[in-house]
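Me: Could you take a close look at the surroundings of the ligand in this one? I'd like to know what sort of residues sit there and which elements they come from.

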Amino acid sequence: MNTPALQVIDLTRSYGEGVGAVRALDGVDLGFARGTFTAVMGPSGSGKTTLLSCAAGLEPPTSGRVVVDDQDVTDQDEEHRTRLRRERIGFVFQGFHLLPYLTAEQNVGLPLRLADRRPDATRVRELLTRVGLADRAGHLPHALSGGQQQRVAIARALVTEPAVVLADEPTGALDSATAREVLGLLRSSVDDLSQTLVMVTHDPVAAAYADTVVFLVDGRVAGRMDRPTADAVAGQLAHLADLAVGGAA
Ligand SMILES: Nc1ncnc2c1ncn2[C@@H]1O[C@H](COP(=O)(O)OP(=O)(O)O)[C@@H](O)[C@H]1O
Ligand SMILES: [Mg+2]
């Protein structure tokens, strides 16, 4: 029971070859315990999105392992990786990524359909209620505000009860009041539903909702902070920016 929901072991990911090669990830070791909320922070280009993509099986690592729920998924073929993404991983993106011609309710049920599971109407309704949108179930995304769209996307990410929810800048397109609502919702998915959440953010206030912050610089883990506060995170980020500039010079 205490094995991590997600583990990456000595993960590397390179793009290109020779002198132009970029090491987006350079030996990352991280474990994400079940029922925990981790924020991933670091300067632009430090490998945050690549980490999520490799963890989700969207792209293969150059070397290293990815273990989801005790299952090593590194060398799985495309069919298995697709199933992993549909059933064991939930995604929340900055730009919501809802299907525009499906209602809120249909968007939430979509991962179940894609997994060949019958959308459980009760479960879909429960999740819409949890995110405060029970009365918007029949609305199309364009009839919802940005914050409401992101709440639909969160319900959709939770519907398969995935091993881990990966969120890449989920509040990046929202005003600060709406962002706080969305962060509260993400926090409650961990506290009430025991979800495991990994969230990339550049916002120290958002990071302070997490249990732990992991800092990346140049594709490596450059530090971590438990029980973060926004002020402590902001201080650490300023320090890391200096490190990254120093490293590039
Ligand atoms: N598809 C790609 N092709 C080439 N280089 C890439 C690609 N994706 C990312 N990179 C490079 O890898 C590094 C890490 O990128 P990324 O993971 O997107 O960083 P972050 O999300 O922290 O801003 C950057 O130097 C970026 O330019
Ligand atoms: Mg990114």
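Reply: Sorted by class, the shell around ligand 1 has three nonpolar residues, seven polar ones and one charged one. Bear in mind that this is a predicted model. Going along the chain, the residues around ligand 1 start with Tyr15, Val22 and Ala24. Then come Gly42, Ser44, Gly45, Ser46 and Gly47, followed by Lys48, Thr49 and Thr50. Two elements give two or more residues each to that shell: strand β2, residues 22-32, and helix α1, residues 48-55. Of these, α1 makes the largest contribution, with three residues.

So much for the shell; now for where β2 sits. Strand β2 belongs to an open sheet of four strands, ordered β2-β1-β4-β5, with antiparallel pairing. β2 is an edge strand there, pairing on one side only, and the other edge is β5, residues 71-72. Over at that other edge, β5 is joined to β4 (residues 63-68) by two bridges, with the two strands running antiparallel. Val68 is the residue that stands opposite Gln71 in β5.

There's also a helix pair to look at. Helices α3 (104-114) and α4 (121-130) pack at about 120°, and their axes are 10 Å apart. The crossing of α3 past α4 is right-handed. On the α3 side, the contact uses Ala104, Glu105, Val108 and Gly109, which meet Val124, Leu127 and Leu128 of α4. By class, that contact has five nonpolar residues, one polar and one charged.

Note on methods: Residues numbered from 1 in each chain as written. Chains lettered and ligands numbered in written order. Predicted model: local features only at pLDDT ≥ 70, side-chain atom pairs only at ≥ 80, totals over all residues. Near = placed C-beta within 6 Å. Nonpolar A, V, L, I, M, F, W, Y, C, P; charged D, E, K, R; others polar. Pairing = 2+ DSSP bridges. Axes fitted to C-alpha atoms, helices over the stretch in contact; angles between N-to-C directions. Left-handed = near helix turned anticlockwise from the far one by under 90°. Contact = placed C-beta atoms within 7 Å.
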